[in-house]
Amino acid sequence: MKELSLHILDLVENSLKAEARNVEIIVKENTKEDLLKISIIDDGKGMSKEFLENVTDPFTTTRRTRSVGLGISLTKAAAERCNGSFEISSQIDKGTEVEITFQHSNIDRAPLGNMGQTISTIINQCGETEIAYNHTYNDKKFTIDTREIKEILDGVSIKSTNVLLWIIEFVNENIKNLYKY
Ligand SMILES: Nc1ncnc2c1ncn2[C@@H]1O[C@H](COP(=O)(O)OP(=O)(O)OP(=O)(O)O)[C@@H](O)[C@H]1O
Ligand SMILES: [Mg+2]
């Protein structure tokens, strides 16, 4: 069972490979509705209708190093195992939107995992792409956006070790606060 943060990492890597300039990661937890929803929205090069129809098939990939692409098919299987769903929409040169839903309380639902580490890893990998992360837990909300961080940093690289370490702590601390009464 893979932590959900690793599925998020896989999906964002797809967005970065598709040359997205902006990626938005949204995690929505609603315990009343018993739902955990993850959306990844990018403005990358998108996929054609024909390609999209087969993209949840593991043999669909534009990878050159091996002939199967596993990211999307594994994520879809994880969602469906916990009474959830997987939806993807895409338009050439506009971008791609993936929405994965899990039953929050489902015994097969993997934990979210270390989102601080995941966001930090993504920022370290992302070139010039701007990343926004938005997490809600019922009516509480936390957001982090590379545009805002860069403004505060005032020229210091967002990829410097100290900043990346700070991002891990900052994200994990804020997520912990979401779960507090
Ligand atoms: N956000 C996206 N924008 C454009 N194309 C995408 C996007 N996500 C996936 N694709 C296309 O769908 C294919 C399949 O994606 P998937 O994540 O399942 O496998 P992969 O990325 O090829 O390999 P792996 O994830 O195992 O490293 C990719 O090769 C890519 O061509
Ligand atoms: Mg992939």
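**Exercises on a predicted model**

With 8 C-beta neighbours inside 10 Å, Asp 93 counts as exposed, and this residue of the predicted model is the starting point of the exercises.

**Exercise 1. Find where Asp 93 is located, state its phi, and explain why it counts as exposed.**

Solution. Begin with the location: Asp 93 belongs to the loop between E3 and E4, two strands that form a hairpin with 3 residues between them. Next, turn to the backbone, where phi of Asp 93 takes a positive value near 65 degrees although the residue is not glycine. As background, most residues other than glycine have a negative phi. Finally, apply the cut-off, by which 12 or fewer other C-beta atoms within 10 Å make a residue exposed; Asp 93 has 8 such neighbours and therefore counts as exposed.

**Exercise 2. Treat Asn 138 in the manner of Asp 93, and decide whether it is buried, exposed or partly exposed.**

Solution. Asn 138 lies in the loop between E5 and E6, and its phi, near 50 degrees, is positive in a residue other than glycine. For the second step, count the neighbours: because 13 other C-beta atoms lie within 10 Å, Asn 138 is partly exposed.

**Exercise 3. Establish how strand E4 is joined to E2 and to E3, and name a residue pair for each.**

Solution. Take E2 (residues 35-42) first: 8 bridges join this strand to E4 (residues 95-103), and the two run antiparallel, with Leu 36 having Phe 102 of E4 as its bridge partner. Then take E3 (residues 85-91), which is joined to E4 by 7 bridges, again in antiparallel fashion; here Ile 88 stands opposite Val 98 in E4.

**Exercise 4. Describe the crossing of H1 and H3, and then relate these helices to the shell around ligand 1.**

Solution. The axes of H1 (residues 4-17) and H3 (residues 71-81) come within 10 Å of each other and cross at roughly 145 degrees, and the crossing is left-handed. From H1 the contact draws on His 7, Asp 10, Leu 11 and Asn 14, while H3 contributes Gly 71, Thr 75 and Ala 78; by class, these residues divide into 2 nonpolar, 4 polar and 1 charged. Moving on to the ligand, H1 and H3 each supply at least two residues of the shell around ligand 1. Of the 20 residues around ligand 1, those that come nearest are Asn 14, Ala 18, Gly 69, Gly 71 and Ile 72, and the shell divides into 5 nonpolar, 11 polar and 4 charged residues.

How values were computed. Residues numbered from 1 in each chain as written. Chains lettered and ligands numbered in written order. Predicted model: local features only at pLDDT ≥ 70, side-chain atom pairs only at ≥ 80, totals over all residues. Pairing = 2+ DSSP bridges. Helix = DSSP H or I, 4+ residues; strand = E, 2+ residues; numbered from the N terminus. Axes fitted to C-alpha atoms, helices over the stretch in contact; angles between N-to-C directions. Left-handed = near helix turned anticlockwise from the far one by under 90°. Contact = placed C-beta atoms within 7 Å. Nonpolar A, V, L, I, M, F, W, Y, C, P; charged D, E, K, R; others polar. Near = placed C-beta within 6 Å. Buried ≥ 20, exposed ≤ 12 C-beta atoms within 10 Å, placed from the backbone.
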